[in-house]
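Welcome to this tour. Keep your viewer open, and get ready to select residues as we go.

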Amino acid sequence: MRSGRGARTGLRSGAKMGCFTFIKVMMILFNLAIFLSGGTLLGVGIWVTVDGQSFLDIFGAISSSILQVVNVSYFLIVIGAILLVIGFLGCYGAQKESKCLLMMFFAVVLIIFIAEVAAAVVALVYTGVAGTLLTAVVTPLLKDKYGVDKSFTHIWNVTMTEVHCCGLNNYTDFNDSVWYKDHGTYPEPCCNGTQPCTYTAAAESNVTGCFNQILEEIRTHAGVVGGVAAGIAALEIAAMVVAMYLYCHLDQK
């Protein structure tokens, strides 16, 4: 009887260890992929910062997206750095079976998850506030850098042409801008191709701002956007559950 109980106990212990090892390996591989992805994004972000024109020459045809409203290089650098940190904490923490690193990984992912939920709520409920904040940041850039910074100008030209919009809000974003002072006209997309794009032509064309146009595109593809957001949230929750499982079972090994 004792030998039978011992065998069953051994089997249960072996099954637990096998499950722990499997989850540990999956945690390492998953976070290694995140680490490599973060490194790739960070490298691309640095490339865009150092030589943005060559990047736009290669990807300009497919680069008309929401990311063009902001400086894509800084966005990629920030996201890449965050993914590098998360991937390192998860991969190295699981490999070394470090409770400290696993808890740090859990905390970082939890903070990001909460921030994403808060951002989604603000974007859905307080769209006007988000627009005001974006206007306060982007409009001064349009006035100062459009027509001066070649990469910035090219990004906005592609965006306005492909998305069929003008400025962030409308043509008035270019009032008192460096471009308007130098040329006395607005960018061509603000007049639907009418030349010269004078104040009167821009006002009569009344081309929608890129912010509202992009919001409309998001609403049109709400199912896809929601599916992607739900998938990301599910992965983050799964990562936190696995990290906590490894953390709690380290003492039971």
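Is Cys91 buried or exposed? Select it and look at its surroundings: Cys91 has 18% relative accessibility, so it counts as buried, because the cut-off for buried is under 20%. Keep in mind throughout that this is a predicted model.

**Stop 1: a second cysteine to compare**

Now select Cys248. Its relative accessible area is 40%, so Cys248 is partly exposed, a label for values between 20% and 50%.

**Stop 2: along helix 3**

Colour residues 72–96, which make up helix 3. Val78 sits in this helix. With a relative accessible area of 48%, Val78 is partly exposed. Next, add Gly38 to your selection and draw a line between the two C-alpha atoms: Gly38 and Val78 are 9.4 Å apart in space, although 40 residues separate them in sequence.

Stay in helix 3 and move to Tyr92, which also has its place there. Tyr92 is partly exposed, at a relative accessible area of 38%.

**Stop 3: a nonpolar patch**

Which residues make the nonpolar surface patch of about 830 Å²? Select Phe22, Val25, Met26, Leu29, Leu32, Phe35, Leu36, Phe88 and Tyr92, and show them as a surface. You have just met one of them, Tyr92. Two elements, helix 1 (2–50) and helix 3, each give two or more residues to this patch. The largest share comes from helix 1, with seven residues. Try giving the two helices separate colours to see how each takes part.

**Stop 4: the disulfides**

Time to look at sulfur atoms. A disulfide is a covalent bond between the sulfur atoms of two cysteines. How many disulfides are there here? The count comes to three, so let us visit each one, going by the rule that the sulfur atoms lie within 2.5 Å.

*Cys165 and Cys210.* Select this pair and show the side chains as sticks. Their sulfur atoms are joined at an S to S distance of 2.0 Å. The bond links distant parts of the chain, 45 residues apart: Cys165 is in the loop between helix 6 (150–163) and helix 7 (178–183), while Cys210 is in helix 9 (residues 210–220). The torsion about the S-S bond is about 75°, so this disulfide is right-handed. Cys165 is buried at 0% relative accessibility, and Cys210 is buried with a relative accessible area of 0%.

*Cys166 and Cys190.* Step along to Cys166 and pick out Cys190 with it. This disulfide has an S to S distance of 1.9 Å. It also links distant parts of the chain, 24 residues apart. Cys166 lies in the loop between helix 6 and helix 7, and Cys190 in the loop between helix 7 and helix 8 (199–205). A torsion of about 80° about the S-S bond makes it right-handed. Cys166 counts as buried at 0% relative accessibility, and Cys190 counts as buried at 1%.

*Cys191 and Cys197.* Finally, select these two cysteines, joined with an S to S distance of 1.9 Å. The torsion about their S-S bond is about 80°, so this disulfide is right-handed. Are Cys191 and Cys197 buried or exposed? Both are buried.

**Last stop: the pairing pattern**

Show the three disulfides together. What is the pairing when the bonded cysteines of the protein are numbered in sequence order? The pattern is 1-6, 2-3, 4-5. Trace each pair in your viewer, and you can follow that pattern for yourself.

Technical notes. Residues are numbered from 1 along each chain as its sequence is written. This is a predicted model: local features need pLDDT of at least 70, side-chain atom pairs count only at pLDDT 80 or more; totals for chains, interfaces and linings use all residues. Side-chain values use heavy atoms; hydrogens and water are left out. Helices (H or I, at least four residues) and strands (E, at least two) are DSSP runs, numbered from the N terminus. Buried means under 20% relative accessible area, exposed over 50%, partly exposed in between (1.4 Å probe, protein chains only). Patches are made of residues with over 30% relative accessible area and no salt bridge: like charges are joined within 9 Å, nonpolar side chains (Val, Leu, Ile, Met, Phe, Trp, Tyr) within 5 Å. Accessible areas come from the Shrake-Rupley method with a 1.4 Å probe; for residues, only the protein chains shown count as cover. A salt bridge is a side-chain nitrogen of Lys or Arg within 4 Å of a carboxyl oxygen of Asp or Glu.
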